[in-house]
Amino acid sequence: MHDVIVVGSGPAGSYLSYSLSKKGYNVLNLEEHKEIGKPVECTGLVSKRVFDYIKSNSRINSVHGANIYFPNGKYIHVRKTEETIVMYRDDFDKDASAMAISAGADVSINSRVMDVSINNEYAEVKYKKNGEIMYAKAQIVAGADGANSTVRKILYRKRPEKIISTYQVDSAARLEDQDDVNVYIGSHNSRGFFGWAVPSGDITRIGVGVDRVNAIKYFKNINKTYGDNKIIGINAGPIPIRYLKKTYGNRSVLVGDAAGIVKPLSGGGIYTGIVSAKNAAEAIDRSFQHEDFSEKSLSLYEKLWKKEIGRELKMDARIQDYYSRLSINDRLLNKIYNAINNENIINKINSLGDIDYPSRVVISVIFKRPQLLKYLIFRK
Ligand SMILES: Cc1cc2nc3c(=O)[nH]c(=O)nc-3n(C[C@H](O)[C@H](O)[C@H](O)COP(=O)(O)OP(=O)(O)OC[C@H]3O[C@@H](n4cnc5c(N)ncnc54)[C@H](O)[C@@H]3O)c2cc1C
């Protein structure tokens, strides 16, 4: 019998396995794929904060600015002094898993969890390893198995309220400007989200997120400037951008994408997933100390992660709801461009911009330009 079974070896699952193993718990970490970090479904853009948690040499590039393209074809350039890292996501995941293994976790690849059950005595998972059906028991099971979480489907029977579909390619179109991310908004570029092109050395990650429509049409519009003949890889995946109402249960917790703990405005979930894992480790540790694995005991997990990032995620979700409606209204987006294309506002954005806490900058820009509220809410 293990202390904890963690399902999934993405950043959240590996960080949870690492944190619990470091505290002395016996952790079994099950990963369905044959190779940690593959397939890659990510742009790999993260704040430096992420590397305070995961020691990794996966960096390819760093950027300081963004060009935000509006429907009128013009763009606003914003810039920070602090760098944002572009990384090889597969290497990053491998480094995170290596940390878990070094701390003592038993990481089992090619192990797909098919079923989970909870009773008064233990949690049990049924999984297929190298084609063979296996069973494992633990005091607690943690679902860190991503946007399509099996643990969530079986134990929680819920899905995040909003899920963004994406389509992304690696393109051999090398960007001359390696210091700025390009962001594309407006009805030609997305519906409900945005498109991007991220300089990653010799390749460029070009993609789009959309809400309840097919992403390819929008991707093609964005990729026109980069060229179809330069595509060297395609990936796509869902991004859950609303967290579940409840992220814990008897003998179980959900972390990272499995719980929808992702930044609603950007779709970034690596930082938030790791923060959720850190807090899950803390709450699970407390449950072991009290020998109480009940829902009530594990509710501490949700209190802790909400205390750290809950306010930001809630605020971002509200802003994202407004933005989502606005995202196909080119006339209003162009009005917003006119309202914020001003040195004072750009300076404000530059001083407050933070990819992990974006609501601060949005709110302070609205304070400086109250007419933006009218555009956002009244849609005139
Ligand atoms: C196109 C795209 C671009 C993105 N870009 C960024 C970005 O630039 N920055 C950022 O911060 N975030 C980005 N994200 C989001 C980010 O990838 C996720 O939020 C992050 O990977 C969540 O980590 P996780 O550990 O919760 O889940 P995952 O990374 O999804 O890991 C879950 C793991 O569980 C495994 N698994 C699933 N089911 C089972 C099962 N039944 N049994 C065993 N194992 C299982 C999976 O194989 C996987 O390894 C992007 C997402 C997409 C789709």
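Reader: Let's start with strand S11, residues 180–184. How many of the residues of S11 are buried?

Author: Happy to begin there. In this predicted model, 5 of the 5 residues of strand S11 are buried, so the strand is largely enclosed by the rest of the structure.

Reader: How should I think about the two sides of a strand, and which residues of S11 lie on each side?

Author: The general idea is that side chains in a regular strand alternate between the two faces of the sheet. In S11, Asp-180, Asn-182 and Tyr-184 are on one side, while Val-181 and Val-183 are on the other. Both faces are covered, since each of these residues is buried.

Reader: Which strand is joined to S11 by 5 bridges?

Author: That is strand S4, residues 59–69, and S4 and S11 run parallel. To find your place in this pairing, look for Asn-67, which stands opposite Asn-182 of S11.

Reader: And S12, residues 195–200: does it run parallel or antiparallel to S11?

Author: S11 and S12 run antiparallel, with 3 bridges joining them. Asn-182 is again a handy landmark, as this residue stands opposite Ala-197 in S12.

Reader: Now a loop residue. Where does Lys-38 lie?

Author: Lys-38 lies in the loop between strand S2 (27–30) and strand S3 (45–47). Burial is judged on relative accessibility, with under 20% as buried and over 50% as exposed. Lys-38 has 36%, so this residue counts as partly exposed.

Reader: Leaving aside neighbours within four places in sequence, which residues is Lys-38 in contact with?

Author: With those neighbours set aside, Lys-38 is in contact with His-33 and Asp-90. For a sense of distance, try Ile-118, which is 80 residues from Lys-38 along the chain. The C-alpha atoms of these two are separated by 30 Å.

Reader: Let's step back to the whole protein. What is its radius of gyration, and what would a compact globule have?

Author: A compact globule of 380 residues would have a radius of gyration near 21 Å; the protein has 21 Å, so the two agree. The C-alpha atoms fill a box of roughly 60 × 45 × 35 Å along the principal axes. Within the protein are 11 helices and 17 strands, and 56% of the residues count as buried.

Reader: What share of contacts joins residues at least 24 apart?

Author: Among contacts between residues at least 6 apart in sequence, 70% join residues at least 24 apart.

Reader: Finally, how many positive and negative side chains are there?

Author: The protein has 56 positive and 42 negative side chains, and the centres of the two sets lie 8 Å apart. As for the surface, about 17200 Å² is exposed, with carbon and sulfur atoms supplying 47% of it.

Definitions and conventions: Residues numbered from 1 in each chain as written. Heavy atoms only, no water. Helix = DSSP H or I, 4+ residues; strand = E, 2+ residues; numbered from the N terminus. Rg over C-alpha atoms; globule rule 2.2 N^0.38 Å. Buried < 20%, exposed > 50% of the residue type's maximum accessible area, 1.4 Å probe, protein only. Contact = heavy atoms within 4.5 Å. Areas by Shrake-Rupley, 256 points an atom, 1.4 Å probe, with all protein chains shown as cover. Lys, Arg positive; Asp, Glu negative; His and termini not counted. Charge placed at Lys NZ, Arg CZ, Asp CG, Glu CD. Pairing = 2+ DSSP bridges.
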